[in-house]
Structure formats: structure tokens, C-alpha cells
Amino acid sequence: MRLLFLFLPFLAFGQIQKETFFFTSIEIDVRNSLVGSDVNEPAIDGVLNIGFRDHSFQIQASYENFKAIDFYSFGIRSGYVFNPEGNVNYLLLGGLSGIQRNVDWTKRLSIGASINGQIEYHLHPFFILTRVEGRYRGDIKEVIPSVYGGLGIKF
């Protein structure tokens, strides 16, 4: 019962939801951070997003920096927001990105295309997010799945 009282402030603040706002968020790739992959040991793969939401529409610019494998990405994602008035939002986003790899076998700019599913829980003015992404990466010509977790703030 005491635990319930600890969460009451979160529930009360979470009910206040602006439908139109600018935001910024940071994310990390959970798998790369915890276990790594075929090409890297566990390391931080960070993403910075800046965007705008108007009811059911969202657009954002993103910058990803994965220093462990000299991977940098910048792009734009946009899509549809389900349940924009609630404190739990679901998003379906599509995106295009430029990918820069600074390794011996490629130093050129490549193109990426992605489809993303995202879920957010809003605690005014902050929100917690989880994003699942499938991205076609032109640098390696494969679709790579990723799961990101992060925090954001609304303005």
C-alpha cells in the first residue's frame, strides 16, 4: 500500500498532456550497451532527437554517434501518434538517414531507411520512451534491428 502512495505523484503529473509541443530526447541502444554485437564489445550507442508534435503527427531530426565502431548517422523521422491525448502514446515512424562510417573498407556517405515503433509514458514535462527500429543500412547492405530506451523533455 505504501508503494502505491509513492507512485501517486507520477500518476497525477502524467495526466497533464499537451498535444502540441517541441521536444528533445536522448536514447541509447540497449543491446549494444549491454551485450554488444558481432562487430563490437558492449559500448554506448547514443541518439539525440529534436522534434515537434502536433496532435497525431510527429517529425524529428536525429543524430546518432556510435564511437566504438566509428558510426555516425543523421536523419529525419516522421509518422503517426496513436492516443495523443493520453499519457501513454504509441508511434509509428518512418525515416531516412545519412550514415558515415570511418573504417578502412568504407569512408563514404551511405543512405539508411527505417521503420520504427515507439511507446512513451508522459510525466509532464518529461517522458520515458522505448523504440524498436528496423533500419536498412546502405553501408553494409543489410537490415539491422535495434531497441532503444530513452528520456525526453517537452517544451
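Contact here means heavy atoms within 4.5 Å. Keep that in mind as you work through this predicted model.

**Exercise 1.** Find out what share of the chain's contacts between residues at least 6 apart in sequence join residues at least 24 apart.

*Solution.* Start with the contacts between residues at least 6 apart in sequence. Then pick out those that join residues at least 24 apart: they make up 51%.

**Exercise 2.** Work out which element of the chain you'd trust least, going by mean pLDDT.

*Solution.* First, get the overall picture: the chain has a mean pLDDT of 89, with 87% of its residues at 70 or more. Next, go element by element. Strand β2 (residues 46-54) has the highest mean, 98, while helix α1 (residues 2-14) has the lowest, 48. Now zoom in on residues 8-14: pLDDT stays under 50 there, and the model gives this stretch eight contacts beyond four places in sequence. Helix α1 is your pick.

**Exercise 3.** Describe how the strands of the chain are arranged.

*Solution.* Step one is to list what's there: two helices and eight strands. Walking from the N terminus, you meet α-β-α-β-β-β-β-β-β-β. Step two is to see who sits beside whom: the eight strands close into a barrel in the order β1-β2-β3-β4-β5-β6-β7-β8, with antiparallel pairing. On average, neighbouring strands of this sheet are turned by 25° against each other, ignoring direction. Step three is to check one pair. Strand β5 (residues 88-101) and strand β6 (residues 109-123) run antiparallel and are joined by 13 bridges. For L93, the bridge partner in β6 is N116.

**Exercise 4.** Say how much of the chain is buried, and what supplies its exposed area.

*Solution.* Count a residue as buried if its relative accessible area is under 20%. Of the 155 residues, 41% pass that test. As for the outside, the chain exposes about 8,700 Å², and carbon and sulfur atoms supply 71% of that.

Definitions and conventions:
Residues are numbered from 1 along each chain as its sequence is written. This is a predicted model: local features need pLDDT of at least 70, side-chain atom pairs count only at pLDDT 80 or more; totals for chains, interfaces and linings use all residues. Side-chain values use heavy atoms; hydrogens and water are left out. pLDDT is the predictor's confidence in each residue, from 0 to 100. Helices (H or I, at least four residues) and strands (E, at least two) are DSSP runs, numbered from the N terminus. Buried means under 20% relative accessible area, exposed over 50%, partly exposed in between (1.4 Å probe, protein chains only). Accessible areas come from the Shrake-Rupley method with a 1.4 Å probe; for residues, only the protein chains shown count as cover. Two strands pair if DSSP finds at least two bridges between them. Axes are lines fitted to C-alpha atoms, for helices over the stretch in contact, and angles run from 0 to 180 degrees between N-to-C directions.
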